[in-house]
Amino acid sequence: MDGPINTNGAFYCDSKPPFRDRSGSSTSLTTSYVAYVPTSDIPWFPANYFYSGKLLYIRHMFQTTSAATPTAFFVELMFGNNTNGNGTQLCVAGITWTANVTAVQCTCDFWVRCRSTGVSGQFFTYGVVWLGTTGLIPIPATGGISNVTVNTTQGGYIAPQYFRSGSTAETITHHDIFTRAMN
Amino acid sequence: MEGPWVSNLLEPFNVVNQTSVNLTATSQAVYATSQLANVGNGFFGYAGKTVHFRGIGNVTSAATPGNFGLAILYGSNANNTGTQLCSVLVTWTANQANTTFMFDFWCKCRTPGSSGTLVCEGWMFIQGTSIIQNAFSAPFVSTVNLLTNPMYLSPQVSRSGSTLETCNMYDIFYESVN
């Protein structure tokens, strides 16, 4: 450090450990949500971690391969124990998936804002999913965004889960994820 | 810590939806001033000072929306008031209800002081229409008084058509990058 901290307030942005240092292996997508990001790769948010106005930023980098009839690629962000399909869904989107694209780069960005705390706390969550070759869409794409009730007096993980609605052998490979506490 | 140039989220922290705005042919503020960070009074106090800001909301177009415009004004956040730092214009797809709209901009000080200069660059994304970057057209570098207070980086929207289009913003944050 080469000088005093140049700050505009007390709300520093911090990266949250653990810090990912390896890629995952290719895994088949199914027709229900699967937590493809290992729990060892994501931070645990303890009980009462959130305060009103708290903002998180999460980026997940991965690659996908689609086959002949992938139909749609679905993404959701979940608050819970990072097991398949379990927890509170914070946001969701589905994108019509281009068939027969091999090993393309994909990125999901999420912002999670705590609007109120407590047993009936409120989270406001949005994001963007970018599937290589297929396209870029907001999460959610349409219909507006509503608060989601989350019990912030309980701890949990926040991580994306994915599935495909088609019938062929699509795969996903998890590469990297990082989480930033924005304030 | 690798240096003194830590990033900070600027207060206030937005926790409420904003009031829906009916678009007109001139720029209108889409956030209450109470939701914006004050970046006046020497906040841009050195060359290179940078603020990243991002907003999210939704928009609805009717039969003849014409163009959708987003402008970033340095000023009081009053409608169509202040110095326009940059703008983005896109032919707006008609009859799109409640599609997600987001923008992402970076504003950098090149010269501090009462005759300061700012550069603002970024993009906006309207689902069903396009993702588009702001043009590097005049005034790419804007001369403004960076010592007045309060001053805001105010996102404002407009449309060139003739029907009832709306914009309803949900959230915004300002991150002081250095």
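I take helices (H or I, at least four residues) and strands (E, at least two) as DSSP runs, numbered from the N terminus. The model I am reading is a predicted one.

**Entry 1: chain A, elements.** I looked up the secondary structure of chain A first, and I find 0 helices and 12 strands there. Reading from the N terminus on, I note the order of the elements of chain A as β-β-β-β-β-β-β-β-β-β-β-β.

**Entry 2: chain A, overall form.** I then turned to dimensions: the radius of gyration of chain A is 17 Å, close to the 16 Å that the globule rule gives for 183 residues, so I record chain A as being as compact as a globular protein of that length. Along its principal axes, the C-alpha trace of chain A spans about 55 × 45 × 30 Å.

**Entry 3: chain A, burial and contacts.** I looked up burial next, and 41% of the 183 residues of chain A count as buried. For the contacts in chain A between residues at least 6 apart in sequence, I find that 80% join residues at least 24 apart.

**Entry 4: where chain A touches chain B.** I looked last at the contact between the chains, to which chain A gives 30 residues and chain B gives 27 residues. On the side of chain A that touches chain B, the elements giving two or more residues are β7 (104-116), β8 (121-131) and β9 (135-139) of chain A, and the largest share, 3 residues, comes from β9(A). Sorting the residues on this side of chain A by character, I note 16 nonpolar, 11 polar and 3 charged.

Key: Residues numbered from 1 in each chain as written. Chains lettered and ligands numbered in written order. Predicted model: local features only at pLDDT ≥ 70, side-chain atom pairs only at ≥ 80, totals over all residues. Contact = placed C-beta atoms within 7 Å. Nonpolar A, V, L, I, M, F, W, Y, C, P; charged D, E, K, R; others polar. Rg over C-alpha atoms; globule rule 2.2 N^0.38 Å. Buried ≥ 20, exposed ≤ 12 C-beta atoms within 10 Å, placed from the backbone.
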